[in-house]
Amino acid sequence: MNTRPNPKHPSPHGWLILDKPRGLGSTQAVGAVKRNLREGGYAKTKVGHGGTLDPLAEGVLPIALGEATKLAGRMLDASKIYDFTILFGAETDTLDTEGDVIERSDVMPSPEQIAAVLLQFTGPIEQVPPAYSALKVDGKRAYDLARAGETVELKARAVTIHSLTITGAHSEGEITLTAHVSKGTYIRSLARDIARALGTVGHVTCLRRTKAGPFTENQSISLDKLNEIGSGAPLKDLLLPLEAGLDDIPALILDQTSAQAVRQGRVLSELPQTDGLYCAMLDNVPVALVELIGGTTKIVRGFNLPDVAE
């Protein structure tokens with residue numbers, strides 16, 4: 001018997017910010033959310049994540065539910081902050097602890113020497129992604145080709161390192177850095193290149209994302225907390241509203257007539273606000289993400305949310 005009882009709760013809309021543990025893939029995390037919603041009696045809900053986090057990495061993984069999935073693409077474009085530890089003296093083929101050592105060095109840079117090279121890696125830089133990455137080469141994932149023993153050559157790409165600071169020195173040959181980076185930045189490549197600039201080699205032993213777009217680790221929940229939803233704990237205590245993913249965007253307050261027009265795809269004109277992106281709101285309910293150009297609205301993403309919160 002696989003008949004499912006009628007759901008007790010409607011489909012939710014908003015964000016769960018998971019503190020993803022090491023060893024769990026982003027797709028597995030989405031699966032865990034779906035399972036807990038199902039077991040907690042929620043109606044079938046669309047679920048997606050806002051930016052892949054390697055199984056070896058931990059930390060902030062925004063997971064979008066319902067209408068918030070329309071904003072998941074914006075999360076992919078957002079900047080991120082990572083804490084990461086480099087162990088000098090050995091480079092692995094994966095640039096982390098999973099791989100085999102392919103090069104060794106006895107050169108152990110001091111914190112002062114490391115600090116001196118960080119300026120080279122701040123601002124717009126070019127980096128070659130790791131061979132063990134999800135990028136596609138001739139239609140195949142780079143990591144699949146690398147695991148099959150093929151030589152993977154990826155092109156350098158332009159990224160931006162907004163800031164890069166030393167946040168902790170451990171034993172000799174190990175250092176922890178914090179990096180605020182643009183989309184598309186590979187921390188493992190950054191660690192490799194820093195080590196090489198210091199005349200040595202290195203790899204990442206610990207990687208934690210502390211911020212993704214507007215979401216920070218103090219908003220995140222543990223896997224244990226997520227699992228409580230499946231056991232009947234109220235979701236509302238953990239769910240952030242859809243507009244939390246737009247906290248850098250000003251609100252455009254609409255009346256009932258204007259909101260109805262936007263929902264029907266009609267433009268609003270002669271608005272006094274300056275050009276730019278806005279979250280159009282009716283009372284406390286997001287109606288659409290709109291772009292204002294010369295006082296006229298253009299709908300970027302419409303949201304299908306009830307006027308009155310459940």
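Me: How many helices and strands does the secondary structure of the chain come to?

Reply: The secondary structure of the chain comes to seven helices and 17 strands, and it should be kept in mind throughout that this is a predicted model. Taken along the principal axes, the C-alpha atoms fill a box of roughly 70 × 60 × 40 Å. Of the 310 residues in the chain, 48% are buried, and among the contacts with a separation of 6 or more, 71% are between residues 24 or more positions apart.

Me: Turning to a single helix, which residues of H1 are buried?

Reply: The general idea is that an α-helix has 3.6 residues a turn, so residues three or four places apart point the same way. In this structure, the buried residues of H1 are Ser26, Ala29, Val30, Ala32, Val33, Asn36 and Leu37. Seen down the axis of H1, these buried residues fall within an arc of 155 degrees, so they line one face of the helix. The elements that cover them include strand E1 (14-20), strand E2 (47-49), strand E3 (58-65) and helix H6. As for its length, H1 has 14 residues and spans 20 Å from its first C-alpha to its last, close to the 20 Å expected at 1.5 Å a residue.

Me: How should I read the packing of H1 with H6, and at roughly what angle do their axes cross?

Reply: The axes of H1 (residues 26-39) and H6 (residues 223-230) come within 6 Å and cross at roughly 30 degrees. Angles under 35 degrees count as roughly parallel, which makes H1 roughly parallel to H6. On the H1 side the residues that meet H6 are Ala32, Val33, Arg35, Asn36 and Glu39, and on the H6 side they are Leu226, Asn227, Ile229 and Gly230. By character, the residues of this contact divide into four nonpolar, three polar and two charged.

Me: How many of the eleven residues of helix H5 are buried?

Reply: Helix H5 (residues 187-197) is mostly covered, with nine of its eleven residues buried. The buried residues include charged side chains, namely Arg188, Arg192 and Asp193, alongside others such as Ile187, Leu190 and Ile194.

Me: Which residues touch Thr200, leaving aside those up to four places away in sequence?

Reply: Thr200 lies in the loop between H5 and strand E12 (202-212), and at 4% relative accessibility Thr200 counts as buried. With residues up to four places away in sequence set aside, Thr200 touches Phe88, Gly89, Ser105, Val107, Pro109 and Ala195. Ala195 is itself one of the buried residues of H5. For a sense of distance across the chain, the C-alpha atoms of Thr200 and Ala29, which are 171 residues apart in sequence, are separated by 36 Å.

Me: Where do I find residues with a positive phi, beginning with the one just after H1?

Reply: Just after H1, Gly41 takes a positive phi of about 90 degrees, and H5 is likewise followed by a glycine, Gly199, with a positive phi near 75 degrees. Leu95 is not a glycine, yet its phi is positive, at about 70 degrees, and Glu270, also not a glycine, has a positive phi of about 60 degrees.

Me: Is Leu95 buried or exposed, and is Glu270 buried or exposed?

Reply: Leu95, found in the loop between strand E5 (90-92) and strand E6 (101-104), counts as buried at 4% relative accessibility. Glu270, which lies in the loop between helix H7 (256-263) and strand E15 (276-282), is exposed, with a relative accessible area of 77%.

Key:
Residues numbered from 1 in each chain as written. Predicted model: local features only at pLDDT ≥ 70, side-chain atom pairs only at ≥ 80, totals over all residues. Heavy atoms only, no water. Axes fitted to C-alpha atoms, helices over the stretch in contact; angles between N-to-C directions. Helix = DSSP H or I, 4+ residues; strand = E, 2+ residues; numbered from the N terminus. Parallel < 35°, antiparallel > 145°, perpendicular 65-115°, else oblique. Contact = heavy atoms within 4.5 Å. Expected span 1.5 Å × (residues − 1). Buried < 20%, exposed > 50% of the residue type's maximum accessible area, 1.4 Å probe, protein only. Arc of directions from axis to C-beta.
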